[in-house]
Amino acid sequence: MNYKFNEDKLLKELSKYIDDTYKQHYAQGNFQATEIIMDAEHGRGFCIGNIIKYAIRFDKKGDGRQDLLKVIHYALLAMHQLDIEEQQLVNELKEYENQLYIDKD
């Protein structure tokens, strides 16, 4: 693929950034704070809030590139949370359909 905007290089940079977050203080112990927040069902709001925070402060507190990496990382986390929520809805719908089928018998 011939990327016109260096997306391949930028994705590698993002991947390295994300890998580094797992090595930082955020990952000390068994769980990251983000995992706990998502398990408490606050993931979507937490991620969107952080996207807004880092987008607003973009290039105001030093390294704007780091802010953009954080925006993208939180967007990926929000997408992951959305996938989980959608799968839960699918599972609930299947369970509801199963109950309807059982109740008809």
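Which residues does C47 touch, not counting residues up to four places away in sequence? In this predicted model, the answer is M38, Y74, L77 and A78. Those four partners sit with C47 in the largest nonpolar core of the chain, so that's a handy place to start before zooming out.

**The core**
- Eight residues make up this core: alongside C47 there are M38, I51, Y54, V71, Y74, L77 and A78.
- Two elements give two or more residues each, namely helix 3 (43-56) and helix 4 (64-104).
- Helix 4 chips in the largest share, with 4 residues.

**Fold layout**
- You're looking at a chain with 4 helices and 0 strands.
- Walk along the sequence and the pattern reads α-α-α-α.
- Take the contacts between residues at least 6 apart in sequence: 57% of them join residues at least 24 apart.

**Overall shape**
- The radius of gyration is 19 Å, whereas a compact globule of 105 residues would come in near 13 Å.
- Along the principal axes, the C-alpha trace stretches over about 65 × 40 × 25 Å.

**Burial and surface**
- Just 21% of the 105 residues count as buried.
- The accessible surface adds up to about 8,600 Å², and carbon and sulfur atoms account for 57% of that.

**Charge**
- On the charge front, the chain carries 19 negative side chains and 14 positive ones.
- The centres of these two sets are 12 Å apart.

Note on methods:
Residues are numbered from 1 along each chain as its sequence is written. This is a predicted model: local features need pLDDT of at least 70, side-chain atom pairs count only at pLDDT 80 or more; totals for chains, interfaces and linings use all residues. Side-chain values use heavy atoms; hydrogens and water are left out. A nonpolar core is a set of buried Ala, Val, Leu, Ile, Met, Phe, Trp, Tyr and Cys residues joined through side-chain atoms within 4.5 Å. Buried means under 20% relative accessible area, exposed over 50%, partly exposed in between (1.4 Å probe, protein chains only). Contact means heavy atoms within 4.5 Å. The radius of gyration is taken over C-alpha atoms; the globule rule is 2.2 Å times the number of residues to the power 0.38. Accessible areas come from the Shrake-Rupley method with a 1.4 Å probe; for residues, only the protein chains shown count as cover. Lys and Arg count as positive and Asp and Glu as negative; His and the chain ends are not counted. The place of a charge is taken as NZ of Lys, CZ of Arg, CG of Asp or CD of Glu.
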